[in-house]
Amino acid sequence: MLMDSYHRVVDYLRISVTERCNFRCQYCMPEKPFSWVPKENLLTFEELFLFVKVAIDEGIKKIRITGGEPLLREDLDKFIKMIYDYAPDIDLAMTTNAFLLKSTAQKLKDAGLKRLNVSIDTLKPEVALAIAGKDVLANVLEGVEEARAVGLKVKVNMVPMKNMNADEIIDVLEYCKERNMSIRFIEYMENRFAAKEISGLKSDELLAILRERYEFIDEGFDGSSPSHYYKMKDGYRFGIIEPYGDDFCKQCNRIRLTAEGQLIPCLYFDEALSIGKAIKEGNIAGAVEVLREVVKNKPEKNRWGGEDGEVSSRAFYETGG
Ligand code: SAM
Ligand code: SF4
(Lines give C-alpha, C1' and ligand atoms only; values in the text may rest on other atoms or scores of the structure.)
(Ligands and ions follow the chains in the order given, each with its own letter.)
Protein backbone atom coordinates (compact mmCIF):
# COMPACT_ATOMS: atom_id res chain seq x y z
CA MET A 1 0.00 0.00 0.00
CA LEU A 2 1.24 3.51 -0.81
CA MET A 3 0.64 6.10 1.90
CA ASP A 4 1.83 9.71 2.00
CA SER A 5 3.14 11.55 5.03
CA TYR A 6 -0.36 12.92 5.78
CA HIS A 7 -1.74 9.35 6.06
CA ARG A 8 -3.57 9.53 2.74
CA VAL A 9 -3.60 6.23 0.85
CA VAL A 10 -2.47 6.81 -2.74
CA ASP A 11 -4.18 4.34 -5.04
CA TYR A 12 -4.95 6.41 -8.15
CA LEU A 13 -2.51 6.94 -11.02
CA ARG A 14 -3.25 9.34 -13.87
CA ILE A 15 -1.12 8.77 -16.94
CA SER A 16 -0.71 11.49 -19.54
CA VAL A 17 0.20 9.59 -22.70
CA THR A 18 0.91 12.72 -24.75
CA GLU A 19 1.04 16.46 -24.20
CA ARG A 20 -0.07 17.07 -27.79
CA CYS A 21 -3.59 18.14 -28.51
CA ASN A 22 -5.86 18.77 -31.47
CA PHE A 23 -7.72 21.53 -29.55
CA ARG A 24 -6.44 24.89 -28.33
CA CYS A 25 -8.68 25.39 -25.32
CA GLN A 26 -8.43 28.90 -23.93
CA TYR A 27 -7.99 27.68 -20.36
CA CYS A 28 -5.35 25.06 -21.18
CA MET A 29 -3.38 25.45 -24.41
CA PRO A 30 -4.54 28.57 -26.28
CA GLU A 31 -1.33 28.63 -28.32
CA LYS A 32 0.65 25.75 -29.72
CA PRO A 33 3.62 25.33 -27.37
CA PHE A 34 6.97 26.63 -28.57
CA SER A 35 8.17 23.03 -28.79
CA TRP A 36 6.74 19.61 -28.09
CA VAL A 37 8.58 16.94 -26.17
CA PRO A 38 10.60 15.11 -28.86
CA LYS A 39 9.04 11.75 -29.72
CA GLU A 40 12.21 9.90 -28.65
CA ASN A 41 11.80 11.26 -25.09
CA LEU A 42 8.32 9.76 -24.73
CA LEU A 43 8.05 6.49 -22.91
CA THR A 44 6.79 3.75 -25.22
CA PHE A 45 3.65 1.88 -24.22
CA GLU A 46 5.83 -1.11 -23.30
CA GLU A 47 7.85 1.14 -20.96
CA LEU A 48 4.76 2.77 -19.50
CA PHE A 49 3.31 -0.67 -18.95
CA LEU A 50 6.43 -1.76 -17.03
CA PHE A 51 5.75 1.10 -14.64
CA VAL A 52 2.01 0.41 -14.52
CA LYS A 53 2.73 -3.14 -13.33
CA VAL A 54 5.03 -1.78 -10.61
CA ALA A 55 2.38 0.72 -9.56
CA ILE A 56 -0.40 -1.89 -9.44
CA ASP A 57 1.80 -4.22 -7.43
CA GLU A 58 2.45 -1.36 -4.99
CA GLY A 59 -1.26 -0.69 -4.47
CA ILE A 60 -2.64 1.42 -7.35
CA LYS A 61 -6.29 0.46 -7.97
CA LYS A 62 -7.47 3.12 -10.38
CA ILE A 63 -5.81 4.29 -13.59
CA ARG A 64 -6.91 7.15 -15.80
CA ILE A 65 -5.42 7.75 -19.24
CA THR A 66 -5.29 11.42 -20.12
CA GLY A 67 -3.19 14.01 -21.95
CA GLY A 68 -3.02 16.38 -23.95
CA GLU A 69 -5.44 14.45 -26.07
CA PRO A 70 -4.89 10.74 -25.41
CA LEU A 71 -6.66 9.66 -28.61
CA LEU A 72 -3.87 11.28 -30.64
CA ARG A 73 -1.52 8.56 -29.50
CA GLU A 74 -1.51 5.64 -31.91
CA ASP A 75 -2.38 2.16 -30.62
CA LEU A 76 -3.82 3.46 -27.37
CA ASP A 77 -6.24 0.52 -27.33
CA LYS A 78 -3.25 -1.86 -27.22
CA PHE A 79 -1.90 -0.09 -24.11
CA ILE A 80 -5.32 -0.30 -22.50
CA LYS A 81 -5.49 -4.01 -23.29
CA MET A 82 -2.06 -4.57 -21.71
CA ILE A 83 -3.31 -3.00 -18.47
CA TYR A 84 -6.63 -4.82 -18.60
CA ASP A 85 -5.00 -8.20 -19.18
CA TYR A 86 -2.63 -7.65 -16.25
CA ALA A 87 -5.30 -6.45 -13.83
CA PRO A 88 -8.89 -6.78 -15.11
CA ASP A 89 -10.28 -5.43 -11.84
CA ILE A 90 -8.45 -2.11 -12.08
CA ASP A 91 -10.80 0.83 -12.50
CA LEU A 92 -9.60 1.83 -15.97
CA ALA A 93 -10.83 5.16 -17.29
CA MET A 94 -9.87 7.88 -19.76
CA THR A 95 -10.42 11.63 -20.12
CA THR A 96 -10.79 12.86 -23.69
CA ASN A 97 -12.08 15.79 -25.72
CA ALA A 98 -14.01 13.15 -27.74
CA PHE A 99 -13.10 14.61 -31.15
CA LEU A 100 -11.74 11.23 -32.32
CA LEU A 101 -14.06 9.08 -30.24
CA LYS A 102 -16.57 8.10 -32.91
CA SER A 103 -14.07 5.90 -34.71
CA THR A 104 -12.26 4.62 -31.60
CA ALA A 105 -14.95 3.96 -28.96
CA GLN A 106 -15.58 0.33 -29.90
CA LYS A 107 -11.86 -0.53 -29.96
CA LEU A 108 -11.37 1.10 -26.55
CA LYS A 109 -14.30 -0.76 -25.07
CA ASP A 110 -13.10 -4.07 -26.52
CA ALA A 111 -9.63 -3.42 -25.08
CA GLY A 112 -11.04 -3.15 -21.55
CA LEU A 113 -11.71 0.55 -20.97
CA LYS A 114 -14.56 0.95 -18.50
CA ARG A 115 -15.33 4.62 -18.22
CA LEU A 116 -14.81 7.91 -20.00
CA ASN A 117 -14.83 11.52 -18.94
CA VAL A 118 -15.56 13.84 -21.84
CA SER A 119 -15.06 17.60 -21.78
CA ILE A 120 -18.15 19.44 -23.00
CA ASP A 121 -18.00 23.15 -22.24
CA THR A 122 -20.78 24.24 -24.57
CA LEU A 123 -23.54 23.03 -26.87
CA LYS A 124 -23.18 25.98 -29.25
CA PRO A 125 -20.90 25.39 -32.26
CA GLU A 126 -19.69 29.01 -32.32
CA VAL A 127 -18.78 28.91 -28.62
CA ALA A 128 -16.99 25.59 -29.09
CA LEU A 129 -15.02 27.26 -31.88
CA ALA A 130 -14.16 30.18 -29.59
CA ILE A 131 -13.07 27.89 -26.74
CA ALA A 132 -11.24 25.15 -28.66
CA GLY A 133 -9.96 27.19 -31.60
CA LYS A 134 -11.71 25.01 -34.17
CA ASP A 135 -15.15 23.83 -35.17
CA VAL A 136 -15.33 20.75 -32.95
CA LEU A 137 -18.80 20.38 -31.52
CA ALA A 138 -20.42 18.00 -34.03
CA ASN A 139 -17.57 15.50 -33.77
CA VAL A 140 -17.55 15.72 -29.97
CA LEU A 141 -21.28 15.04 -29.67
CA GLU A 142 -21.14 12.19 -32.18
CA GLY A 143 -18.22 10.73 -30.24
CA VAL A 144 -20.24 10.82 -27.02
CA GLU A 145 -23.20 9.06 -28.66
CA GLU A 146 -20.94 6.35 -30.05
CA ALA A 147 -19.25 5.79 -26.69
CA ARG A 148 -22.64 5.37 -25.04
CA ALA A 149 -23.83 3.09 -27.84
CA VAL A 150 -20.90 0.70 -27.34
CA GLY A 151 -21.58 0.59 -23.60
CA LEU A 152 -18.91 2.90 -22.16
CA LYS A 153 -20.04 4.82 -19.09
CA VAL A 154 -19.63 8.54 -19.83
CA LYS A 155 -19.28 11.44 -17.41
CA VAL A 156 -18.99 15.04 -18.55
CA ASN A 157 -16.58 17.76 -17.41
CA MET A 158 -17.42 21.43 -17.95
CA VAL A 159 -15.28 24.45 -17.06
CA PRO A 160 -17.72 27.38 -16.63
CA MET A 161 -16.26 30.73 -17.68
CA LYS A 162 -17.66 34.24 -17.52
CA ASN A 163 -18.58 35.83 -20.88
CA MET A 164 -18.00 32.48 -22.53
CA ASN A 165 -20.24 29.59 -21.50
CA ALA A 166 -21.69 30.63 -18.13
CA ASP A 167 -25.11 31.05 -19.76
CA GLU A 168 -25.07 27.37 -20.78
CA ILE A 169 -24.62 25.77 -17.37
CA ILE A 170 -28.26 24.66 -17.22
CA ASP A 171 -28.29 23.55 -20.88
CA VAL A 172 -25.21 21.37 -20.52
CA LEU A 173 -26.53 19.91 -17.27
CA GLU A 174 -29.87 19.12 -18.96
CA TYR A 175 -28.06 17.53 -21.91
CA CYS A 176 -26.29 15.22 -19.42
CA LYS A 177 -29.35 14.58 -17.28
CA GLU A 178 -31.43 13.54 -20.31
CA ARG A 179 -28.77 10.95 -21.11
CA ASN A 180 -28.28 9.85 -17.50
CA MET A 181 -24.65 11.01 -17.59
CA SER A 182 -23.31 12.77 -14.53
CA ILE A 183 -21.68 16.16 -14.88
CA ARG A 184 -18.85 17.72 -12.95
CA PHE A 185 -18.30 21.45 -13.15
CA ILE A 186 -14.60 22.23 -12.75
CA GLU A 187 -13.60 25.60 -11.34
CA TYR A 188 -11.16 27.18 -13.75
CA MET A 189 -7.65 26.76 -12.28
CA GLU A 190 -5.32 29.59 -13.01
CA ASN A 191 -2.10 28.65 -14.73
CA ARG A 192 0.57 30.47 -16.67
CA PHE A 193 -0.43 28.96 -20.00
CA ALA A 194 -4.11 29.91 -20.16
CA ALA A 195 -5.41 32.94 -22.08
CA LYS A 196 -5.16 36.04 -19.87
CA GLU A 197 -8.78 37.08 -20.25
CA ILE A 198 -10.26 33.83 -18.87
CA SER A 199 -12.27 34.30 -15.72
CA GLY A 200 -13.82 31.18 -14.24
CA LEU A 201 -16.96 30.90 -12.15
CA LYS A 202 -16.35 29.93 -8.55
CA SER A 203 -18.54 27.31 -6.96
CA ASP A 204 -20.78 29.81 -5.09
CA GLU A 205 -21.51 31.65 -8.34
CA LEU A 206 -22.27 28.38 -10.08
CA LEU A 207 -24.55 27.21 -7.28
CA ALA A 208 -26.45 30.51 -7.37
CA ILE A 209 -27.23 29.93 -11.06
CA LEU A 210 -28.27 26.33 -10.46
CA ARG A 211 -30.47 27.28 -7.49
CA GLU A 212 -32.55 29.56 -9.67
CA ARG A 213 -33.68 26.50 -11.57
CA TYR A 214 -33.36 23.47 -9.27
CA GLU A 215 -33.76 22.39 -5.69
CA PHE A 216 -30.92 20.24 -4.42
CA ILE A 217 -29.16 19.19 -1.27
CA ASP A 218 -25.46 19.28 -0.43
CA GLU A 219 -24.14 15.73 -0.18
CA GLY A 220 -20.54 16.72 0.52
CA PHE A 221 -17.61 14.66 -0.65
CA ASP A 222 -17.84 11.01 -1.59
CA GLY A 223 -14.82 8.88 -0.77
CA SER A 224 -11.69 10.12 -2.43
CA SER A 225 -13.44 11.77 -5.40
CA PRO A 226 -12.40 15.43 -5.72
CA SER A 227 -16.02 16.38 -6.47
CA HIS A 228 -18.33 18.07 -4.03
CA TYR A 229 -21.69 16.44 -4.79
CA TYR A 230 -25.21 17.84 -4.85
CA LYS A 231 -28.42 15.82 -5.26
CA MET A 232 -31.59 17.06 -6.90
CA LYS A 233 -35.09 16.08 -5.81
CA ASP A 234 -35.36 13.51 -8.61
CA GLY A 235 -32.10 11.85 -7.50
CA TYR A 236 -29.83 13.29 -10.21
CA ARG A 237 -26.40 14.18 -8.82
CA PHE A 238 -23.94 16.72 -10.10
CA GLY A 239 -20.48 17.53 -8.82
CA ILE A 240 -18.33 20.61 -8.49
CA ILE A 241 -14.56 20.39 -8.42
CA GLU A 242 -13.34 23.18 -6.17
CA PRO A 243 -9.55 23.31 -6.11
CA TYR A 244 -9.79 26.72 -4.42
CA GLY A 245 -11.78 25.18 -1.55
CA ASP A 246 -10.30 24.32 1.83
CA ASP A 247 -11.31 20.67 1.71
CA PHE A 248 -10.15 19.89 -1.81
CA CYS A 249 -6.89 18.13 -0.93
CA LYS A 250 -7.98 16.32 2.24
CA GLN A 251 -8.85 13.06 0.51
CA CYS A 252 -6.39 13.34 -2.38
CA ASN A 253 -5.35 9.84 -3.44
CA ARG A 254 -3.61 10.55 -6.74
CA ILE A 255 -0.27 10.89 -8.43
CA ARG A 256 0.41 11.74 -12.05
CA LEU A 257 2.79 10.39 -14.65
CA THR A 258 3.72 12.47 -17.71
CA ALA A 259 4.43 11.02 -21.13
CA GLU A 260 8.14 11.60 -20.50
CA GLY A 261 8.13 9.70 -17.23
CA GLN A 262 7.94 12.53 -14.72
CA LEU A 263 6.06 11.34 -11.66
CA ILE A 264 4.20 14.27 -10.09
CA PRO A 265 2.82 14.26 -6.55
CA CYS A 266 0.43 17.24 -6.94
CA LEU A 267 -1.17 19.02 -9.88
CA TYR A 268 -0.15 22.41 -8.55
CA PHE A 269 3.47 21.94 -7.59
CA ASP A 270 6.58 21.59 -9.71
CA GLU A 271 8.29 18.88 -7.66
CA ALA A 272 8.53 15.74 -9.75
CA LEU A 273 10.92 12.83 -10.08
CA SER A 274 11.59 10.84 -13.22
CA ILE A 275 11.01 7.13 -13.51
CA GLY A 276 12.24 7.32 -17.13
CA LYS A 277 15.82 6.22 -16.59
CA ALA A 278 14.96 3.35 -14.25
CA ILE A 279 12.24 2.07 -16.58
CA LYS A 280 14.35 2.36 -19.73
CA GLU A 281 17.09 0.34 -17.96
CA GLY A 282 14.56 -2.24 -16.76
CA ASN A 283 15.49 -1.29 -13.18
CA ILE A 284 12.25 -2.21 -11.42
CA ALA A 285 13.65 -1.70 -7.93
CA GLY A 286 14.75 1.81 -8.97
CA ALA A 287 11.26 2.61 -10.28
CA VAL A 288 9.69 1.39 -7.03
CA GLU A 289 12.05 3.62 -5.07
CA VAL A 290 11.09 6.70 -7.11
CA LEU A 291 7.40 5.88 -6.76
CA ARG A 292 7.65 5.58 -2.97
CA GLU A 293 9.69 8.78 -2.74
CA VAL A 294 7.14 10.76 -4.79
CA VAL A 295 4.27 9.49 -2.65
CA LYS A 296 6.18 10.36 0.52
CA ASN A 297 6.74 13.90 -0.80
CA LYS A 298 3.13 14.59 -1.68
CA PRO A 299 2.32 18.08 -0.39
CA GLU A 300 -0.58 18.54 2.00
CA LYS A 301 -2.40 21.12 -0.11
CA ASN A 302 -2.30 22.91 -3.43
CA ARG A 303 -1.95 26.68 -3.47
CA TRP A 304 -4.83 27.73 -5.67
CA GLY A 305 -6.37 30.81 -4.14
CA GLY A 306 -3.32 31.32 -1.93
CA GLU A 307 -2.75 34.82 -0.56
CA ASP A 308 0.41 35.42 -2.56
CA GLY A 309 -1.53 35.23 -5.85
CA GLU A 310 0.88 32.65 -7.24
CA VAL A 311 -0.57 30.46 -9.97
CA SER A 312 0.40 27.00 -11.16
CA SER A 313 3.44 27.01 -13.40
CA ARG A 314 2.82 23.66 -15.00
CA ALA A 315 0.62 23.24 -18.03
CA PHE A 316 -2.50 21.11 -17.72
CA TYR A 317 -1.86 19.53 -21.10
CA GLU A 318 1.42 18.23 -19.66
CA THR A 319 0.03 16.83 -16.42
CA GLY A 320 -3.29 15.68 -17.80
CA GLY A 321 -5.47 17.88 -15.58
N1 SAM B 1 -7.79 16.53 -23.67
C2 SAM B 1 -8.59 15.85 -22.74
C3 SAM B 1 -9.80 16.67 -22.34
O4 SAM B 1 -9.81 17.88 -22.60
O5 SAM B 1 -10.72 16.11 -21.75
C6 SAM B 1 -7.84 15.40 -21.50
C7 SAM B 1 -6.84 16.33 -20.92
S8 SAM B 1 -7.50 17.80 -20.18
C9 SAM B 1 -6.04 18.59 -19.61
C10 SAM B 1 -8.26 17.14 -18.72
C11 SAM B 1 -9.29 18.03 -18.07
O12 SAM B 1 -8.62 19.18 -17.57
C13 SAM B 1 -10.39 18.53 -18.99
O14 SAM B 1 -11.65 18.20 -18.44
C15 SAM B 1 -10.21 20.02 -19.01
O16 SAM B 1 -11.43 20.69 -19.09
C17 SAM B 1 -9.51 20.26 -17.69
N18 SAM B 1 -8.73 21.50 -17.64
C19 SAM B 1 -7.71 21.87 -18.45
N20 SAM B 1 -7.23 23.08 -18.09
C21 SAM B 1 -7.96 23.48 -17.02
C22 SAM B 1 -7.95 24.64 -16.19
N23 SAM B 1 -7.09 25.63 -16.38
N24 SAM B 1 -8.83 24.70 -15.17
C25 SAM B 1 -9.72 23.70 -14.96
N26 SAM B 1 -9.77 22.58 -15.70
C27 SAM B 1 -8.91 22.47 -16.73
FE1 SF4 C 1 -6.50 19.79 -25.28
FE2 SF4 C 1 -7.88 18.88 -23.23
FE3 SF4 C 1 -6.22 20.97 -22.95
FE4 SF4 C 1 -8.44 21.27 -24.35
S5 SF4 C 1 -8.30 20.78 -22.16
S6 SF4 C 1 -6.38 21.96 -24.97
S7 SF4 C 1 -8.69 19.31 -25.28
S8 SF4 C 1 -5.65 18.91 -23.40
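The expected span of a helix is taken here as 1.5 Å times one less than its number of residues. In this predicted model, helix α5 (residues 137-149) comprises 13 residues, and the distance from its first C-alpha to its last is 18 Å, close to the 18 Å expected at 1.5 Å a residue. Within α5, the buried positions are Leu137, Val140, Gly143, Val144 and Ala147. Because these buried residues fall within an arc of 125 degrees when α5 is seen down its axis, they line one face of the helix. The packing partners of that set are drawn from both helices and strands, namely α3 (105-111), β4 (115-119), α4 (125-132), β5 (153-158) and α6 (169-178). After α5 comes Gly151, a residue whose phi is positive, near 95 degrees.

A comparable description can be given for helix α7 (residues 203-211), in which Ser203, Leu206, Leu207 and Leu210 are buried. Viewed down the axis of α7, the buried residues fall within an arc of 100 degrees, so they line one face of this helix. The elements that cover the buried residues of α7 include α6, together with the strands β6 (183-186), β7 (216-221), β8 (227-232) and β9 (237-241).

The largest nonpolar core contains 105 residues, and the members that touch the most others are Ile63, Phe79 and Phe238. Helix α1 (residues 45-58) makes the greatest contribution to this core, supplying 8 residues. For Phe79, when neighbours within four places in sequence are left aside, the contacts are with Ile15, Val17, Phe45, Leu48, Phe49, Val52 and Ile65; of these partners, Phe45, Leu48, Phe49 and Val52 carry numbers that fall within the range of α1, residues 45-58.

Outside the helices, Thr258 is placed in the loop between β10 (254-257) and β11 (262-264). Thr258 counts as buried because its relative accessibility is 4%, the cut-off for burial being under 20%. Apart from neighbours within four places in sequence, the residues in contact with Thr258 are Ser16, Ile264 and Glu318; Ile264 lies in β11 (262-264), one of the two strands that flank the loop.

Turning to the bound molecules, ligand 2 is surrounded by Cys21, Phe23, Cys25, Tyr27, Cys28, Met29, Gly68 and Asn97. When the residues of this shell are sorted by class, 6 are nonpolar and 2 are polar, while no charged residue is found around ligand 2.

Key:
Residues numbered from 1 in each chain as written. Chains lettered and ligands numbered in written order. Predicted model: local features only at pLDDT ≥ 70, side-chain atom pairs only at ≥ 80, totals over all residues. Heavy atoms only, no water. Core = buried A, V, L, I, M, F, W, Y, C linked by side-chain atoms within 4.5 Å. Buried < 20%, exposed > 50% of the residue type's maximum accessible area, 1.4 Å probe, protein only. Helix = DSSP H or I, 4+ residues; strand = E, 2+ residues; numbered from the N terminus. Contact = heavy atoms within 4.5 Å. Arc of directions from axis to C-beta. Near = heavy atom within 4 Å. Nonpolar A, V, L, I, M, F, W, Y, C, P; charged D, E, K, R; others polar.
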